[in-house]
Amino acid sequence: MDIPRIPLGSWIESGLRWLTSEYSVVTRGISRFTQSGIDGLNDGLMWLPDWALMALIALLCWRLASVRLAIGAVAGLALIWNLGLWNPMIETLTLVVIATLVAVVIALPIGIVAALSERLYRVIMPVLDFMQTMPAFVYLIPAIPFFGIGAVSAIFATVIFSMPPAIRFTTLGIRQVPTELIEAADAYGATRGQKLFKVQLPLSLPTVMAGINQTIMLALSMVVIAAMIGADGLGSEVWRAIQRLRPGDGFEAGIAVVILAMLLDRLTQSLRKSRR
Amino acid sequence: MEETRPVKIQVRGLSKVFGKQPKRALELRDQGLKRPEILEKTGQTLGLSNISFDVYEGELLVIMGLSGSGKSTLIRCLNRLIDSTEGDIVIDGENIPTLGEKALLECRRRHFSMVFQNFALFPHRTVQQNAEFGLEIRGIDKAKRREIAHGALQQVGLGGWEDAYPNQLSGGMQQRVGLARALANDASVLLMDEAFSALDPLIRKDMQQELLQLQTRMQKTTVFITHDLDEALSIGDRIVLLKDGEVVQIGTPEEILTQPADDYVRRFIEGVDRARILTAESAMRPVRTSARDSDGPRTALHRMRDYSLDSIYVTDRDRRLLGLLEADAASRAIEERADKLTAYLTQDFRRVSPEEPLQNLFAMFSEKSYPIAVVDDEQRLLGVVVKGAVLHELARAGEEH
């Protein structure tokens, strides 16, 4: 028996090729726009003296969370600085911030729509499953023909990889609002918009924040992997250490990633808790 | 007493089927099948079947039934939180089931405020912001809604709690916020869905009393859902009794108690017959304040004001009941500079002995709103009986049975 192999791979490739050639204007536009965003934020953060940025982050930690976190932040950042990883850390931070922003801006409306419409919910959920379980590296490959080697491709892959939890948690949060409260809003004659903005969104905020927290964490891990397609930052330090077989350098950069991750995690979690 | 009062809401032939082929269920219903058979044949639940009743302007109508009777469905059909399957609900000339989306919103805003069993307060809003909700939805400007909500909170005794959050309040207080939210909205009908059922018994009694006082003051058309006979009897002007989605009886508490429509109602109020052996004494309350014949009219009037009464019983030094002094008679006495009250008393009230059967007291209330005076053989004033207390006692007797 000779069942022909289904040429799934070549279909996908020709599809992607078509997209790349057909929409090159769009992708180039996105590319330029994103790149200027990245450069702007990066330059801004680099322009600040190291100590000033450190103080700023410590202040943020103290106001939003606790003195303990502020002290931890200063200690962690000082270590990164001392290891000479300050600039790569800033580059990674920039990528995470931009990728998260883009992911959240796309995810919130999708999450809301999925929560309010049963039909769209059934369409969106399998797509999310696909996005989350597809090995993250795979996204890197089509990113290159779309956006070329470098930071923009890294952002593209990162957004796709890190967006699902923000969508899921937004949907979950809105669906979890007790029916009695929805009834109360309806009973007083609230329009859909009033119901959404005065009741559903405020009440789902803690859950949405938990989703954003997850998105940030995923974005950080992906941004590191994206070093493989030429994104700068801590990831490329690790990548270089692998290529030169220098475990010491690898661990130093890895520890810097961990510090950054913990900092971002604690900060966003405290943001969630400070809400009612 | 067929009604001369204007009708606020007219419900006619209202039915609700939960399921995907409601027509089929209604056909079976029309063939005389009942709820369990319809469920078996079609897998659909006949929630309400052919309900008709009126809600009069300014009355407090209680819809009462056990769980599964369809009372929650019914109240939600009124403001269309649930869409009914057939029938009309007409409020001020608008037929609610036929309204378009926009007209429905407008209708809900203008006509309905709702109080919920589990309060349904918004946890992310302060007490004040909760009370303002209905006004905010309607787009009333900030200063005005703050003022109105503030007034409503004062009215339910929550002045000073404006900035608290619902989770900082006890259950009773939370429901006061729920009530304030409804009152602030000033819609023409107040819907109360088991509003006091989640409260503990003492608080519940208080809230019932307060609702009655509010009702006397504001004459707001109210539809009140409950599963509790005692509650229905003590607060309802009229009661609609539901069973399995159908109306069993509509009537005043007295009518329901004295002329039950069928065995179901009879079983419901079973034991209330023992009311025949209940007497005035069991429902009697001590006199909160009375006047002495030697008091001047000013003192008497002052006391009435202190207890917010519009009449007061006057006794002699041995507490023998001399008569009833009405507020305007007292004012007249002041104008005429009288120093004795005796000439201004009226005998136009009922006095009974403590042994008087409670059942007989019903009839006496319909005439005048004065409390009935309970006196002993020597005409000494022992206490007074108010209408709510009679019903309460009867209902309690029913429960104990």
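**Notebook: a helix pair in chain A, a lysine and a hairpin in chain B**

I looked up the contact between two helices and found that P88(A), M89(A) and T92(A) in α5(A) meet L234(A), G235(A), S236(A) and E237(A) in α11(A); contact requires C-beta atoms, placed from the backbone, within 7 Å. The residues of this contact divide into three nonpolar, three polar and one charged. Here Ala, Val, Leu, Ile, Met, Phe, Trp, Tyr, Cys and Pro count as nonpolar, Asp, Glu, Lys and Arg as charged, and the others, Gly among them, as polar.

The model is predicted: local features need pLDDT of at least 70 and side-chain atom pairs pLDDT 80 or more, while totals for chains, interfaces and linings use all residues. Residues are numbered from 1 along each chain as its sequence is written, and chains are lettered from A and ligands numbered from 1 in the order in which they are written.

I next examined K71(B), which lies in helix α3 (residues 71–78) of chain B; helices are DSSP runs of H or I with at least four residues, strands runs of E with at least two, numbered from the N terminus. K71(B) is buried, with 24 other C-beta atoms within 10 Å (buried: 20 or more; exposed: 12 or fewer; partly exposed: in between). Not counting residues up to four places away in sequence, K71(B) touches I63(B), M64(B), G65(B), I225(B) and L242(B).

Finally, I inspected strands β9 (residues 238–243) and β10 (residues 246–251) of chain B, which run antiparallel and are joined by five bridges. V240(B) has I250(B) as its bridge partner in β10(B). The two strands form a hairpin with two residues between them, and D244(B) in the turn has a positive phi of about 50°.

Notes: Pairing = 2+ DSSP bridges.
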